[in-house]
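Let's take a walk through this structure together, helix by helix. Please keep the sequence and the model open as you read.

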Amino acid sequence: IAAFSMFAVLCYAVFVEVVVPPVKTAVKPGGVAVAPETIEGLISLGEGLYNGRGACALCHESAGRRAPSLSAIIQTAEERIKNTAYKGNAKNAEEYIIESMVNPSAYVVSGFGVKGSSDALSPMPDVTKGAIGLNQTELKAVTMYLLKRGGLPLQQEAR
């Protein structure tokens, strides 16, 4: 039994090292005191949050695939807003992305809901609460990063 237990722990450790993508987390600062002056600064902040403290890449990138891909978020956001299963209030891709981070159950992609909920409840947490705790500037930054990554041309000023 002891040998089997050690083998199981070893297999789990190897799986975590090889399959699960690393998440670079930092100690949560007191928040962003001043919003970046340029859209490039906001996008850079968003990219850092997406791959770091926000832990978005852990589930939304191909290695994790515990959540839907965000690679074509602009097109999919517009489709989801029109879907009869959508329970939110967003009117465009930017609003949809922010709403998805704050109220992830407004639209749950088929197959990604909590087991037994018929895809009515999302397992994703509200990113403004708990350990992630993004503020409004950070929500906007992640949104701008996703929009830019999706190919949307953005204005030069962040404010």
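The paragraphs below move from helix packing to aromatic pairs and end in a loop. Bear in mind throughout that this is a predicted model.

A good place to begin is helix H2, which covers residues 39–51. Its 13 residues reach 18 Å from the first C-alpha to the last, close to the 18 Å expected at 1.5 Å a residue. Within H2, the buried residues are Ile39, Leu42, Ile43, Gly46, Leu49 and Tyr50. If you look down the axis of H2, these buried residues fall within an arc of 125°, so they line one face of the helix. What lies over them? The cover for the buried residues of H2 includes helix H3 (56–60) and H6.

That brings us to H6, residues 136–149. This helix has 14 residues and spans 20 Å between its first and last C-alpha, close to the 20 Å expected at 1.5 Å a residue. Its buried residues are Glu138, Leu139, Ala141, Val142, Thr143, Met144, Tyr145, Leu146 and Leu147. Among the elements covering them are H2, H4 and H5.

Now put H2 and H6 together. Their axes come within 7 Å and cross at roughly 95°. Because of that angle, H2 counts as roughly perpendicular to H6. On the H2 side, the residues making the contact include Ile39, Leu42, Ile43, Gly46, Leu49 and Tyr50. On the H6 side, they include Glu138, Ala141, Val142, Met144, Tyr145 and Leu146.

Two of these contact residues deserve a second look, since tyrosine 50 and tyrosine 145 form a ring pair with centres 5.4 Å apart. How many aromatic pairs does the structure hold? There are two. In the pair of tyrosine 50 and tyrosine 145, the ring planes stand at 50°, so the pair is tilted; stacked would require planes under 30 degrees apart, and edge-to-face over 60. Tyrosine 50 lies in helix H2 and tyrosine 145 in helix H6, so the pair ties together parts that are 95 residues apart in sequence. Both tyrosine 50 and tyrosine 145 are buried.

The other pair is made by tyrosine 86 and tyrosine 96, whose ring centres are 6.1 Å apart and whose planes are at 50°, so this pair is tilted too. Tyrosine 86 sits in the loop between helix H4 (73–82) and H5, while tyrosine 96 is in helix H5, 10 residues away. Are these two residues buried or exposed? Tyrosine 86 has 11% relative accessibility and therefore counts as buried, and tyrosine 96 is buried with a relative accessible area of 3%.

Tyrosine 96 also leads us to the packing of H4 against H5. These helices pack at an angle of about 85°, with their axes 9 Å apart. H4 is therefore roughly perpendicular to H5. Ile73, Ile74, Ala77, Arg80 and Ile81 of H4 make the contact with Ala93, Tyr96 and Ile97 of H5.

Our last stop is valine 114, in the loop between helix H5 (93–102) and helix H6. Why is valine 114 called partly exposed? Its relative accessible area is 30%, and the partly exposed class lies between the buried limit of 20% and the exposed limit of 50%. Leaving aside neighbours within four places in sequence, valine 114 is in contact with Leu121, Ser122 and Pro123. A little further along the chain, methionine 124 is 10 residues from valine 114 in sequence, and their C-alpha atoms are 9.1 Å apart.

Note on methods. Residues are numbered from 1 along each chain as its sequence is written. This is a predicted model: local features need pLDDT of at least 70, side-chain atom pairs count only at pLDDT 80 or more; totals for chains, interfaces and linings use all residues. Side-chain values use heavy atoms; hydrogens and water are left out. Helices (H or I, at least four residues) and strands (E, at least two) are DSSP runs, numbered from the N terminus. Buried means under 20% relative accessible area, exposed over 50%, partly exposed in between (1.4 Å probe, protein chains only). Contact means heavy atoms within 4.5 Å. The expected span of a helix is 1.5 Å times one less than its number of residues. The arc is that of the directions from the helix axis to the C-beta atoms. Rings of Phe, Tyr and Trp (its six-membered ring) pair if their centres lie within 6.5 Å; planes under 30 degrees apart count as stacked, over 60 as edge-to-face and the rest as tilted. Axes are lines fitted to C-alpha atoms, for helices over the stretch in contact, and angles run from 0 to 180 degrees between N-to-C directions. Angles under 35 degrees count as roughly parallel, over 145 as roughly antiparallel, 65 to 115 as roughly perpendicular and the rest as oblique.
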